[in-house]
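Trainee: I'd like to learn how to read a ligand site and the sheet beside it in a model. Can we walk through one together?

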Amino acid sequence: MYRIVRKEVLNPAVKLMDIEAPRVAKSAKPGQFVILRIYEKGERIPLTIADYDPEKGTVTIVFQEVGKSTKLLGTLNEGDYIADFVGPLGNTMEVPKGAKKILGVGGGVGIPALYPKLKMLHQEGYRVEAILGGRSEEYVIFRKEMEAVCDKVYYATDDGTLGKKGFVTDVLKDVLENDKEVDFVITVGPVIMMKNVCKMTKEYDIPTIVSMNPLMVDGTGMCGACRIEVGGETKFVCMDGPIFDGHLVNFDLAMTRLNMFKKQEKISLELYEK
Ligand code: NAD
Ligand code: FES
């Protein structure tokens, strides 16, 4: 059993929890994820690690309450326990040789998943900048944390309440047009956002990695639920990812697969809320 030692409400849809999981905290690396189950027969929830503290033995998770299981997780409080917390799982990132300036592009609840990657690069001495976007100011989460590890942070909101009015890609266009020193881009957020970021960085020939967040069932490479297409080959995100070369990912297929069970997810949520 894993104890919730801190809980914070980040905005109306998103919550943060620190989970006591010393073994996971000790070996976690930026980009990796965990799979948790609230109770023994519960659904497995994959979540990218938002932070970890090997000394305190805690792992930070941030989740959006979108379905039955994440809503149930959101009802738990500090001092409560969850049944399983498996990880760290998945690969981590590699920065191209000779890169000096790194740009992170994060959207909505993808921002905390981008954070540990930028934090490590900052600690390693790279120049790190970020473009963060959300529907409105309150949806651009982890701003304080990001500002602490970035040399510069640009903001974009759909309604213009923070930074530029528009998508992160509107800011990215300006940055890439004016700054020829960006060597590497890391992007995490909605699939459509990562697709559009990668389309743009490809035009500028800047290596770009993405963190994929598909449906997962077993998380062990056995069920195939998390499969995506990368460079014309089938890859399992739980075993081969979640980080991939963004210029090789078939985002359209990934979006189709993400929406496959929307009807069943809606029914499950309606039954839970009854
Ligand atoms: P959202 O729909 O509110 O979008 C956030 C921002 O993304 C927008 O404000 C905009 O700047 C950008 N964006 C959206 N559509 C775009 C488009 N068509 N072109 C360019 N930019 C666009 O995001 P949300 O509701 O917070 O959802 C976040 C998503 O992040 C979820 O789909 C979730 O699956 C994903 N996610 C991924 C990871 C991961 O590790 N890969 C982790 C957490 C969340
Ligand atoms: Fe089953 Fe990846 S979740 S193969």
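Trainee: How many nonpolar, polar and charged residues does the shell around ligand 1 have?

Mentor: Start by sorting the shell by class. In this predicted model, the shell has 12 polar residues, nine nonpolar ones and two charged ones. In total, 23 residues surround ligand 1, and the closest are Thr48, Val109, Asp158, Asn196 and Ser211.

Trainee: Which element gives the largest share of that shell?

Mentor: Helix α6 does, with three residues.

Trainee: Okay, and which polar atoms lie by the oxygen atoms of ligand 1?

Mentor: Look for N or O pairs within 3.5 Å. On the backbone side, an N or O atom of Val168 sits 3.0 Å from a ligand 1 oxygen, and one of Gly134 sits 3.2 Å from a ligand 1 oxygen. From a side chain, Asn213 puts an N or O atom 3.1 Å from an oxygen of ligand 1.

Trainee: How much of ligand 1's accessible area does the protein cover?

Mentor: Take the ligand on its own as the reference: that's 860 Å², of which the protein covers 81%. Elements that give two or more residues to the shell are β10 (127-134), α5 (168-178) and α6 (191-203).

Trainee: Now the sheet. In what order do its strands run?

Mentor: Read across the pairings: β12-β11-β10-β9-β13-β14-β17, seven strands in an open sheet with mixed pairing. The edges are β12 (164-165) and β17 (243-245), each paired on one side only. Inside that order, β13 and β14 pair in the parallel sense over three bridges, and Val185 stands opposite Thr208 in β14.

Trainee: What does helix α3 touch?

Mentor: Helix α3 (residues 111-123) packs on the sheet, touching β9, β10, β13, β14 and β17, and its direction makes about 170° with that of β10.

Definitions and conventions: Residues numbered from 1 in each chain as written. Chains lettered and ligands numbered in written order. Predicted model: local features only at pLDDT ≥ 70, side-chain atom pairs only at ≥ 80, totals over all residues. Heavy atoms only, no water. Near = heavy atom within 4 Å. Polar contact = N/O pair within 3.5 Å; in protein donor to acceptor, adjacent residues only side chain to side chain. Areas by Shrake-Rupley, 256 points an atom, 1.4 Å probe, with all protein chains shown as cover. Helix = DSSP H or I, 4+ residues; strand = E, 2+ residues; numbered from the N terminus. Nonpolar A, V, L, I, M, F, W, Y, C, P; charged D, E, K, R; others polar. Pairing = 2+ DSSP bridges. Contact = heavy atoms within 4.5 Å. Axes fitted to C-alpha atoms, helices over the stretch in contact; angles between N-to-C directions.
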